[in-house]
Structures are given as structure tokens and as C-alpha cells.
Amino acid sequence: MPGIYVHIPFCRHKCSYCDFTSFPDKIEYAEAYMACLYKELKMRGEELKNYEFDTVYFGGGTPSYIPPKLILGAMNQIKACFRLKKDAEITLELNPGTIGEGKVKTYLEAGINRFSIGLQTAIDEQLSDLGRIHNARDYVYATKLLEGQNFSTDIMLGLKNQTKEDIAKTIELATRCGSKHISMYALTVEDGTPIYTDYLNGELPDSDEVADMYAFGKSLLEEKGYKRYEVSNFAIPGYESKHNWNYWKRGEYIGVGVSASSFMMGKRFTNTFDLDEYMKCVISGFFPAVTSEEVNEKDAKFEFVMLALRTARGLSMQEYKNTFGVGIGEDFPNALKKTVQYLELDGDFIKIKDEYLYVQNSVLMYFLEEGAE
Ligand code: SF4
């Protein structure tokens with residue numbers, strides 16, 4: 001079930017924690033950039049004629065910041081250059097501070113059938129600390145515009161001064177407004193971002209406090225009927241993200257746009273992170289990929305394990321055998337032995353026990369070590 005990822009790198013303002021490829025001061029390049037992106041889509045479409053795609057995902061950056069006609073143009077180009085399944089899931093990331101009635105109308109016309117809204121928190125002071133351009137009322141307004149549509153909400157844990165009560169308010173707001181899917185992530189603090197200073201000053205919750213917030217948020221979401229299907233993702237059954245499932249199943253995807261990554265035909269490759277270089281390259285008729293590597297079998301096996309064990313469903317032993325021709329017990333006997341207290345068997349599936357899924361990295365370490373031997 002291959003997917004198409006489209007990167008839109010423009011934002012109105014840089015958030016204090018952000019280290020994504022996003023440019024807060026280059027919106028005047030949007031038209032020219034999208035013209036290049038249409039060209040890259042055409043070039044990739046010619047190369048991938050035999051594929052039928054199940055999902056499209058517009059991420060960023062802030063896709064809802066650029067003029068909506070450019071999203072419509074990208075969708076027209078995708079439909080013209082790729083074979084897209086009739087019931088394809090087509091998602092657009094949306095910042096509540098950049099949305100209006102006219103935009104939503106154009107997105108629906110373009111065929112967008114799923115929205116992912118970055119709320120992060122319902123507490124306005126925390127939004128302001130994060131450098132977000134919206135407040136909680138903007139989120140409510142955005143969800144009203146999307147009434148009857150399928151949308152997901154991103155929320156964050158581990159913020160400065162965040163309490164469990166704040167998390168409860170945030171979850172209440174998102175569920176009351178009709179979000180069918182909630183992604184609940186712990187804030188990642190990257191060196192070089194403004195929020196790193198708060199981290200150095202000890203102003204952010206420590207990892208035990210964040211784990212506690214996560215357990216609290218998880219049980220609240222479950223009480224409300226949202227089932228965890230991956231460590232950070234919860235959905236009303238039937239509303240899981242197909243695009244992300246494809247990543248966790250180690251499925252193929254093609255990424256277009258500056259900094260976009262792809263995994264096709266056994267190779268992982270990534271486009272340049274430099275906007276000018278991206279545009280020059282595509283205008284000259286070259287693919288803008290700057291790194292490309294063939295994934296060897298050892299790495300492929302570890303990737304398979306790592307991605308599958310992030311999910312609540314777990315790892316299918318049969319799928320592993322069908323993919324690699326040997327059983328997981330033969331490839332990872334020691335890791336399985338050392339982590340046995342964290343794992344459980346459910347028919348054909350090995351999964352991390354519910355209470356340990358949040359700390360899956362410590363379990364995966366054993367597989368990583370054995371995979372490297
Ligand atoms: S909206 Fe997203 S991509 Fe843009 S600056 Fe904020 S975190 Fe980064």
C-alpha cells in the first residue's frame with residue numbers, strides 16, 4: 001500500500017521547539033516552489049507508472065499556510081501523474097491559525113478527505129511558550145469549519161508548567177470538537193532550538209513526569225473510546241491513519257519536496273534540505289535526492305522489528321518469515337530471550353505488553369544489538 005508524501009516547507013512563524021525543514025520568512029517563494037514540486041511529481045510519476053498509491057499526505061511546514069489553489073494544483077498534478085486508488089486517504093496538515101472557510105472549500109474540491117490539526121495544547125500560555133501562532137479558540141473555529149470531516153488532532157506532553165489537568169482539558173477539547181484520531185507525542189527537545197534553554201534551566205518536566213502524563217492521557221483517551229494502535233497514536237476504531245500504517249509496515253512511499261524522504265525499491269533516499277538547491281535541481285531536470293542507500297538485509301530485519309513493535313498489534317511472525325525466508329526466532333534468539341518479560345504472544349503476533357509500549361526503545365535496544373552482530 002504505497003503512499004505519496006508532499007512536503008510544504010513554509011510557516012508563518014518558527015515554533016520554539018521546531019527543527020523540521022520549515023522556513024518562516026520565505027512565503028514569497030511558495031508559487032515558484034510549488035511549480036518545481038509539480039515538476040518533481042511529474043518526473044517521479046513517469047518513473048513509478050506501475051504503482052498504484054493508497055495514500056497522499058501533505059505535511060510540513062504548514063501546508064495550510066500557502067494559497068489553497070497551490071494544494072489544488074498539487075492534487076491535480078498527482079491525479080494526472082500517478083495511479084491513485086479510488087478510496088485513497090488524502091491528508092493535509094493544518095495549523096488552526098491559518099484557516100478560513102474558503103480554504104476548506106478548496107481542499108474539499110481538491111479531494112482532501114482527512115485533516116491533521118496541530119492543537120498541541122488547549123492552554124493558551126503554553127501555546128504562546130511554544131511560539132505557536134494560534135490559540136485554543138482558533139482550534140474550535142477550525143473544527144467548526146471541518147464539521148462532518150475526518151480529522152485528527154496532535155497534542156503534546158512535557159510542556160513547561162503543564163499539569164495533568166491541562167492534559168485533560170486538551171483531550172476534552174479535541175474529543176468534544178469531534179476529532180476521530182489523536183496523536184499524543186512527548187515534546188522532543190533538540191539542541192539549537194530556543195526551547196533548549198528551558199530544558200537546560202530545568203524548566204521542563206523530566207522523563208518520569210512525562211511518562212506519568214502519558215499514562216494519564218492514555219487512560220483518559222481509552223475511557224473515551226480511542227484505542228491506542230501505535231505508541232503515540234489513538235483512534236476511534238476505523239479511523240486509524242492508513243498513511244502511517246504503511247510506514248510501520250515498512251511499506252514503500254515516495255516523498256516529494258525539499259527534505260522529503262522516500263523508500264522505494266529497497267532504497268532509502270532523501271531530497272536536499274536547501275530550498276534554492278531543490279528548485280535549481282528540479283528546474284534543470286534532475287531529481288533533488290542528495291542521499292541514497294540500498295537497505296541491506298540486516299538493517300531491513302531490524303527496521304521490520306522496530307516498526308512492528310511500535311504498534312499495539314505487534315509483529316506478525318508469518319509476515320516476518322514471508323519477507324525474509326527465516327523465522328524471527330532464528331534471527332533474534334537472544335533478544336527474544338532477554339526481553340521475554342516485556343513481550344506477549346497473541347496468535348501469530350509478538351507484541352510488547354501494553355504497560356511497556358511507551359518504553360519500547362529499551363526493549364528494541366536488545367534487537368538492535370543482536371541485529372548488529
Ligand atoms: S508549525 Fe510545525 S513546521 Fe512550522 S515552525 Fe511550527 S512546528 Fe515547525
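Reader: Which helix holds Lys298?

Author: This is a predicted model: local features need pLDDT of at least 70, side-chain atom pairs count only at pLDDT 80 or more, and totals for chains, interfaces and linings use all residues. Residues are numbered from 1 along each chain as its sequence is written. Helices (H or I, at least four residues) and strands (E, at least two) are DSSP runs, numbered from the N terminus. Lys298 falls within residues 297-309, which form helix 11.

Reader: Is Lys298 buried or exposed?

Author: We can count C-beta atoms, placed from the backbone: a residue with 20 or more others within 10 Å of its own is buried, one with 12 or fewer is exposed, and anything in between is partly exposed. Lys298 has 12 C-beta neighbours inside 10 Å, so Lys298 counts as exposed.

Reader: How far apart are the C-alpha atoms of Lys298 and Asp331?

Author: Along the chain, Lys298 and Asp331 are 33 residues apart. In space, their C-alpha atoms are separated by 9.5 Å.

Reader: What separation do the centres of domain 1 and domain 2 have?

Author: The bounds come from an automatic or database domain assignment. This gives domain 1 as 3-247 and domain 2 as 297-372. Taken over C-alpha atoms, their centres are separated by 29 Å.

Reader: Which element supplies the largest share of the side of domain 1 that touches domain 2?

Author: Contact means that the C-beta atoms of two residues, placed from the backbone, lie within 7 Å. By that rule, seven residues of domain 1 meet eight residues of domain 2. Helix 8 (207-223) and strand 7 (227-230) each give at least two residues to the domain 1 side. The largest share, three residues, comes from strand 7.

Reader: How many charged residues are on the side of domain 1 that touches domain 2?

Author: Ala, Val, Leu, Ile, Met, Phe, Trp, Tyr, Cys and Pro count as nonpolar, Asp, Glu, Lys and Arg as charged, and the others, Gly among them, as polar. On this side of domain 1 there are five nonpolar residues and no polar ones, and the number of charged residues is two.

Reader: Which residue of strand 8 stands opposite Glu230?

Author: Two strands pair if DSSP finds at least two bridges between them. Strand 7 and strand 8 (residues 233-235) have three bridges and run antiparallel, and a hairpin joins them through two residues. Opposite Glu230 stands Asn233.

Reader: What is the order of strands in the open sheet of three?

Author: Strands of a sheet pair through backbone hydrogen bonds, either parallel or antiparallel. In this sheet the pairing is antiparallel, and strand 13 (315-316) and strand 14 (343-346) are the edges, each pairing on one side only. Strand 13 is joined to strand 15 (residues 349-352) over two bridges. The order is therefore 13-15-14.

Reader: Which helix gives the largest share of the largest nonpolar core?

Author: A nonpolar core is a set of buried Ala, Val, Leu, Ile, Met, Phe, Trp, Tyr and Cys residues joined through C-beta atoms within 7 Å. The largest one has 73 residues, and Ile4, Val6, Leu37, Val56, Ile71 and Ala74 touch the most other members. The largest share, six residues, comes from residues 30-47, that is, helix 1.

Reader: How many residues are in the second, separate core?

Author: Val305, Leu315, Phe332 and Leu357 are among its members. The number of residues in this second core is 16.

Reader: How many polar residues does the shell around the ligand have?

Author: A residue is near the ligand if its C-beta atom, placed from the backbone, lies within 6 Å of it. The shell consists of Cys11, Lys14, Cys15, Cys18, Phe20, Ser22, Gly60, Gly61, Thr62 and Asn95. Four are nonpolar and one is charged, and the number of polar residues is five.

Reader: Which peptide bond is cis, with omega near 20°?

Author: One of its residues, Gly61, sits in the loop between strand 2 (52-60) and helix 2 (68-81), and is also listed around the ligand. The cis bond runs from Gly60 to Gly61.

Reader: Is Gln120, with its positive phi, buried or exposed?

Author: Gln120 belongs to strand 4 (residues 114-120), and its phi is near 75°, positive in a residue other than glycine. There are 24 other C-beta atoms within 10 Å, so Gln120 is buried.

Reader: Is Met265 buried or exposed?

Author: Met265 also has a positive phi, near 50°, and lies in the loop between strand 10 (261-264) and strand 11 (267-271). With 9 C-beta neighbours inside 10 Å, Met265 is exposed.
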